[in-house]
Amino acid sequence: MSRVGRDGDGLGRTGSVTLVGGGPGREDLLTLAAVRALRYADVVLYDRLAPHGRLDELAPGALLIDVGKRPGHHAIPQAEIEALLVEHALEGSRVVRLKGGDPYVLGRGGEEVLACHKAGVPVEVIPGVTSAISVPGAAGIPLTHRGVSHMFTVVSGHQPLTASELEHLAGLGGTIVVLMGVNTLPSLTAGLARAGMAGRMPVAIVERGFSSEQRTTIGELADIVTTAGRARVGSPAVVVIGEVVRLAHDGDASAAELMERAVGFAAVAG
Ligand SMILES: C[S@@+](CC[C@H](N)C(=O)[O-])C[C@H]1O[C@@H](n2cnc3c(N)ncnc32)[C@H](O)[C@@H]1O
């Protein structure tokens, strides 16, 4: 399909911004709407965790800007990303902001939409498959399961949670999903234990979901920090806390086998 000219697309000459949820990193988990938006993009600003391996084919002829890393390996600051979106749109470009997962789940999508509104730039949001649900699923962990858990809460582990937040979480009794939680795992698990969660509560950490390097590490609230440390667990990873972890089935391995593996690994490494 040929690209539609800017003047003939009904958007006028102002250009536009489309926030696109890119899913958890695998290209076939892009939505059809995402693929369409990419095909007609003039400029694509993409994140580290968005599927970007074949952007030159998915967005033929578009200017591709990696905002996840700059030459010195630092991410481009949020304010600069917003300025770039607005600047290119005001020049008349159809700008796609390709983000990991869903733009509105711990993805700063709301801030980018507000920046566009403020600048008078037309903006739309295409939802994506969030890692919060899909990455546990890739490790065979359902976030809800009849008779086991009928709710889940998604939290950011970017900053440690407050004592009151931890108490609420521990008291809910449902599944807890933590994004960006590898570094704050010690304070999270200690805080949940202080708030009354059982030390035997199962915890899974699913790293690099949907890649060939996907790995699931399973332990219990009381020992997961030690187990994860010995297994050198790193980001990106989704942490799942709750009884549903017992249902995990990653590849050929069941939750029990995954836990044995982690314990065996810890014994060798220790
Ligand atoms: C800034 S948050 C963005 C979340 C995104 N908006 C979403 O809906 O998935 C980034 C975090 O998402 C999680 N994440 C995203 N993709 C992942 C993947 N493929 N495997 C494991 N974790 C992933 C990690 O916790 C990572 O630190």
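**Exercises: a ligand and its surroundings**

A backbone N or O atom of Asp-102 sits 2.9 Å from a nitrogen atom of the ligand. Keep that in mind while you work through these; the model is a predicted one.

**Exercise 1.** Find out which polar contacts the ligand has with Asp-102, Pro-24 and Thr-130.

*Solution.* Start with the cut-off: a polar contact is a pair of N or O atoms within 3.5 Å. Asp-102 passes, with its backbone atom 2.9 Å from a ligand nitrogen. Next, try Pro-24: one of its polar backbone atoms is 2.8 Å from a nitrogen atom of the ligand. Last comes Thr-130, where a side-chain N or O atom lies 2.7 Å from a ligand oxygen. Now for the cover: on its own the ligand exposes 570 Å², and the protein buries 88% of that.

**Exercise 2.** Describe the shell of residues around the ligand.

*Solution.* First, count: there are 18 residues around the ligand, and Val-105, Thr-130, Ser-131, Gly-209 and Ala-237 come nearest. Second, sort them by class, which gives 11 nonpolar, 5 polar and 2 charged residues. Third, look at where they come from. Domain 1 (6-129) and domain 2 (132-269) each give the shell at least three residues. Helix 5 (131-138) and strand 10 (237-241) each supply at least two. Finally, check the space itself: the ligand takes up the largest pocket.

**Exercise 3.** Track down the backbone oddities at Pro-236 and Met-180, and say where each residue lies.

*Solution.* Begin with Pro-236. The peptide bond joining Ser-235 to Pro-236 is cis, with omega about -5°. Pro-236 belongs to the loop between helix 8 (224-230) and strand 10. Then move to Met-180: its phi is near 55°, a positive value in a residue other than glycine. Met-180 is in the loop between strand 7 (175-179) and helix 7 (185-194).

Conventions
Residues numbered from 1 in each chain as written. Predicted model: local features only at pLDDT ≥ 70, side-chain atom pairs only at ≥ 80, totals over all residues. Heavy atoms only, no water. Near = heavy atom within 4 Å. Polar contact = N/O pair within 3.5 Å; in protein donor to acceptor, adjacent residues only side chain to side chain. Areas by Shrake-Rupley, 256 points an atom, 1.4 Å probe, with all protein chains shown as cover. 1 Å grid on protein atoms, 1.4 Å probe; cavity = no way out; pocket = protein on both sides within 12 Å on 5 of 7 lines; lining within 4 Å. Sits in = over half its atoms within 2 Å of the grid points. Helix = DSSP H or I, 4+ residues; strand = E, 2+ residues; numbered from the N terminus. Nonpolar A, V, L, I, M, F, W, Y, C, P; charged D, E, K, R; others polar. Domains from an automatic or database assignment.
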